[in-house]
Amino acid sequence: MTPEGHQAQGSGAYDEVESVLRASRALLGVVARSVAEALESVTLPQFRVLVVLASTGPAPIGILAAKLGSVPSTFSRFLDRMEDAGLVARQPSPDSRREVLIALQPKGAAIVEEATERRRQAIGEILQGLGKTERAAILAAMDDFSAAAGEPAPETLLILGL
């Protein structure tokens with residue numbers, strides 16, 4: 001059914017969904033702006049690697065490649081460029097001499113931290129622009145929506161580098 005068909009029927013559910021879609025686009029705009037500066041120094045695939053390492057810590061190449069949907073042999077060459085840029089480093093695994101871990105370096109960690117902080121500041125500014133009652137209502141609604149939606153799988157968020 002077309003949007004006009006829903007509106008013609010006076011569907012409150014359609015209006016509710018549209019309201020949430022508008023809010024999701026606003027939040028995606030905040031995310032995009034927070035990542036834009038990072039994408040001036042790294043590619044989106046590189047940013048995705050940095051985000052995974054920032055959240056999980058050092059990881060074996062094979063596991064990291066699998067999390068990002070990549071082939072380990074191709075991924076290894078990709079990591080070479082990231083290592084040359086000082087974003088990540090290979091290090092021996094404490095558990096196995098044959099295993100090599102990929103670890104986030106301070107330069108890579110700073111890129112993720114700066115993007116996250118830009119997002120945090122932007123959301124804080126939006127919230128500060130609201131009255132106390134509006135802010136409390138939005139925060140309660142966001143908590144309820146988050147609980148109802150459930151936590152997305154990390155792989156889902158990696159598409160956007162989150």
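Reader: If a residue is called buried when its relative accessible area is under 20%, which residues of helix 2 are buried?

Author: The model is a predicted one, and the burial described here is computed from its atoms. Helix 2 has 25 residues and spans 36 Å from its first C-alpha to its last, close to the 36 Å expected at 1.5 Å a residue. Under the 20% cut-off, the buried residues of this helix are Y14, G29, V30, V31, S34 and V35.

Reader: Before I rely on such details, in which element of the protein chain is confidence lowest, and in which is confidence highest?

Author: For the protein chain as a whole the mean pLDDT is 87, and 87% of the residues reach 70 or more. Taken by element, the lowest confidence falls in helix 1 (residues 3-8), with a mean of 49, while the highest, with a mean of 96, belongs to helix 6.

Reader: In what order do the elements of the protein chain run from the N terminus?

Author: The protein chain holds eight helices and three strands. Read from the N terminus on, these elements follow the order α-α-α-β-α-α-β-β-α-α-α.

Reader: Which strands stand at the edges of the sheet?

Author: The three strands form an open sheet with antiparallel pairing, in the order 1-3-2. One side of each edge strand is left without a neighbour in the sheet, because each has a single partner strand, and these edge strands are strand 1 and strand 2.

Reader: How many bridges join strand 2 to strand 3?

Author: On one side, strand 1 (residues 59-60) pairs with strand 3 (residues 100-104) over two bridges in the antiparallel sense, and P60 has L101 as its bridge partner there. On the other side, V88 stands opposite L104 of strand 3, and A89 stands opposite A103. Strand 2 (residues 88-92) runs antiparallel to strand 3, and the number of bridges joining them is five.

Reader: Which helix supplies the largest share of the largest nonpolar core?

Author: This core has 25 residues, of which F47, V49, L50, L64, F75 and M82 touch the most other members. At least two residues of the core come from each of helix 2 (12-36), helix 3 (44-56), helix 4 (61-67), helix 5 (72-84) and helix 6 (106-128). The largest share, six residues, is supplied by helix 3.

Reader: Setting aside neighbours within four places in sequence, with which residues is L50 in contact?

Author: L50 is one of the residues that touch the most other members of the core. With its neighbours within four places left out, the contacts of L50 are V42, M82, L87, V88, L104, G108, I111 and V112.

Reader: Is Q46 buried or exposed, and what is its relative accessible area?

Author: Q46 is found in helix 3, and, apart from residues up to four places away in sequence, it touches F78 and M82. Q46 counts as buried, because its value lies under the 20% cut-off, and its relative accessible area is 12%.

Reader: How far apart in space are T116 and V31, C-alpha to C-alpha?

Author: T116 lies in helix 6 and counts as partly exposed, at 29% relative accessibility, whereas V31 is among the buried residues of helix 2. In sequence the two residues are 85 residues apart, but from C-alpha to C-alpha the separation of T116 and V31 in space is 8.8 Å.

Reader: How far apart are the end C-alpha atoms of helix 7?

Author: Helix 7 (residues 132-149) has 18 residues, which at 1.5 Å a residue should span 26 Å. Just after this helix, G150 takes a positive phi of about 80 degrees. The expected span agrees with the distance between the end C-alpha atoms of helix 7, which is 25 Å.

Reader: What share of the area exposed by the protein chain do carbon and sulfur atoms supply?

Author: Buried residues make up 27% of the 162 residues in the protein chain. The protein chain exposes about 10400 Å², and the share of this area that carbon and sulfur atoms supply is 58%.

Definitions and conventions: Residues numbered from 1 in each chain as written. Predicted model: local features only at pLDDT ≥ 70, side-chain atom pairs only at ≥ 80, totals over all residues. Heavy atoms only, no water. Helix = DSSP H or I, 4+ residues; strand = E, 2+ residues; numbered from the N terminus. Expected span 1.5 Å × (residues − 1). Pairing = 2+ DSSP bridges. Core = buried A, V, L, I, M, F, W, Y, C linked by side-chain atoms within 4.5 Å. Buried < 20%, exposed > 50% of the residue type's maximum accessible area, 1.4 Å probe, protein only. Contact = heavy atoms within 4.5 Å. pLDDT = per-residue confidence, 0-100. Areas by Shrake-Rupley, 256 points an atom, 1.4 Å probe, with all protein chains shown as cover.
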